[in-house]
Amino acid sequence: MNVKMLSSPRHCVSLLLAVFVSGCYGYSIRYDGYKVLRVDASNERHLRLMNQLQHDREIAQWVKDIAATYPSLATEVQVGLSYEGRELRALKVGSEQSESKEAIWFHGTLHSREWISPATVMFMTNQLLVDYSHDPDVQKYLDTYDFYILPVMNPDGYEYTWTDNRLWRKTRSPNEGSPCYGTDGNRNFEFMWGEPGASDDPCDNNYRGPFAHSEIEVKSVTDFILDTSEKQTFSLFIDFHCYGQMWITPWAYSIEEPLHYSEQHTCAGRAASAIESVHGTPYIYGNIISNADPASGLTLDWGYGTANIKHSYLVELRDRGEYGFLLPEDQIIPSGEETYAGLKAMLDCILEGQVV
Ligand SMILES: [Zn+2]
């Protein structure tokens, strides 16, 4: 059960202490219009700052805090630096039950204005760690896989959405010969880069960049995954965006069905059903982009086509346009809860080796 309590920032600390000392669990506490603090039932009364609409530096601190709180399950991983020098700070989450573990990658905030994305990624990360102590399914996930999780892939753009332009989408690198800044990270991946569905105009929101992996954030993440792939096989790759409520399978660049489409479609469908079962949020799934509007240089196509990760997806989180990128924060926890259910359904599907 979750109960929400409103408090001014001034009173929040004492309120939290009261909850903490009283041992009441399962509370989500909102304050300040921005932050949610959560007391989780199964984790020895750890208070968890559940981020929610925080600056990149606060999310980076959250990564450190999580690693410190769960030293046997979580370690901090530096994936690289952004163009403006911010750290791409990820977590490696998993137990040490096995020496030959497979790997999973997911990230948020490649598009900086999509604020529900880091919040949902952080919620799910926290939940995996909290649930490990008592949920046999989560124990199985963390014993089988190492999860590499990057809440903010585009920290420069994300910070810019806080300081200058709430609806900024791209990176913040300058473009030679143009007054316009930034590249669309989700058109900059090298697989089918430069094909239709990406702009060559630096002033466009879906500018593909001067060349594939021109953006250091994209280069850093792809290098990290490929380097790690030499030691561990990746079983799942997910790029979390908003909005639209879609679990999207490859390909994005073509209407051609990929070799593993049946398995991808089945598992995406199970994830979508699990999501809907939590709060009734309907998701569509499948090879959706190509049906509507082919796009090239996308994350999920790179994950499948270049990194050879069979289960490679792009998820568009809430909503379907009522609030769009400005999703109210009272949807953060519901989004986290339902997406976490979708993630678990996806992992179950992969573990069963579902083949249709
Ligand atoms: Zn996006």
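This passage walks through a predicted model, beginning with its open sheet and moving on to a pair of helices and a loop residue.

A good place to start is the sheet. Strands of a sheet pair through backbone hydrogen bonds, and this pairing can be parallel or antiparallel. Here, eight strands make up an open sheet with mixed pairing, and their order is S5-S6-S8-S7-S9-S12-S10-S11. The edges are taken by strand S5 (74-81) and strand S11 (284-286); each has a single partner strand, so one side of each lacks a neighbour in the sheet. On average, neighbouring strands of this sheet are turned by 20° against each other, direction ignored.

Within the sheet, strand S8 (residues 145-150) rewards a careful look. Strand S6 (residues 87-93) runs antiparallel to S8 and is joined to it by three bridges, with Leu-91 opposite Ile-149 of S8. Strand S7 (residues 102-108), in turn, runs parallel to S8 and is joined to it by six bridges; His-107 stands opposite Leu-150 in S8. Is S8 itself enclosed or open? Six of its six residues are buried, so S8 is largely enclosed by the rest of the structure. Tyr-145, Phe-147 and Ile-149 point one way from the strand, Asp-146, Tyr-148 and Leu-150 point the other way, and all are buried.

Another pairing in the sheet brings together strand S9 (residues 234-242) and strand S12 (residues 311-317), which are parallel and share seven bridges. In this pair, Cys-242 has Leu-317 of S12 as its bridge partner. Helix H7 (residues 261-279) packs on the sheet, where it touches strand S10 (246-248), S11 and S12, and its direction makes about 165° with that of S11.

Helices also meet one another. The axes of helix H3 (residues 116-131) and helix H10 (residues 332-351) come within 8 Å and cross at roughly 60°, and the two are therefore oblique to each other. Their crossing is right-handed. From H3, Ile-116, Ala-119, Thr-120, Phe-123, Met-124 and Gln-127 take part, meeting Ile-332, Ser-335, Gly-336, Thr-339, Tyr-340 and Leu-343 of H10. The residues of this contact comprise seven nonpolar, five polar and no charged.

Finally, Ser-214 lies in the loop between helix H5 (155-163) and helix H6 (216-229). Because Ser-214 has 17 C-beta neighbours inside 10 Å, it counts as partly exposed. Neighbours within four places in sequence aside, Ser-214 is in contact with Thr-183, Asn-188 and Gly-209. Glu-190 is 24 residues from Ser-214 in sequence, with 9.5 Å between their C-alpha atoms in space.

Definitions and conventions
Residues are numbered from 1 along each chain as its sequence is written. This is a predicted model: local features need pLDDT of at least 70, side-chain atom pairs count only at pLDDT 80 or more; totals for chains, interfaces and linings use all residues. Axes are lines fitted to C-alpha atoms, for helices over the stretch in contact, and angles run from 0 to 180 degrees between N-to-C directions. Helices (H or I, at least four residues) and strands (E, at least two) are DSSP runs, numbered from the N terminus. Angles under 35 degrees count as roughly parallel, over 145 as roughly antiparallel, 65 to 115 as roughly perpendicular and the rest as oblique. A crossing is left-handed if the near helix is turned anticlockwise from the far one by less than a right angle, and right-handed if clockwise. Two residues are in contact if their C-beta atoms, placed from the backbone, lie within 7 Å. Ala, Val, Leu, Ile, Met, Phe, Trp, Tyr, Cys and Pro count as nonpolar, Asp, Glu, Lys and Arg as charged, and the others, Gly among them, as polar. A residue is buried if 20 or more other C-beta atoms lie within 10 Å of its own, exposed if 12 or fewer, and partly exposed in between; C-beta atoms are placed from the backbone. Two strands pair if DSSP finds at least two bridges between them.
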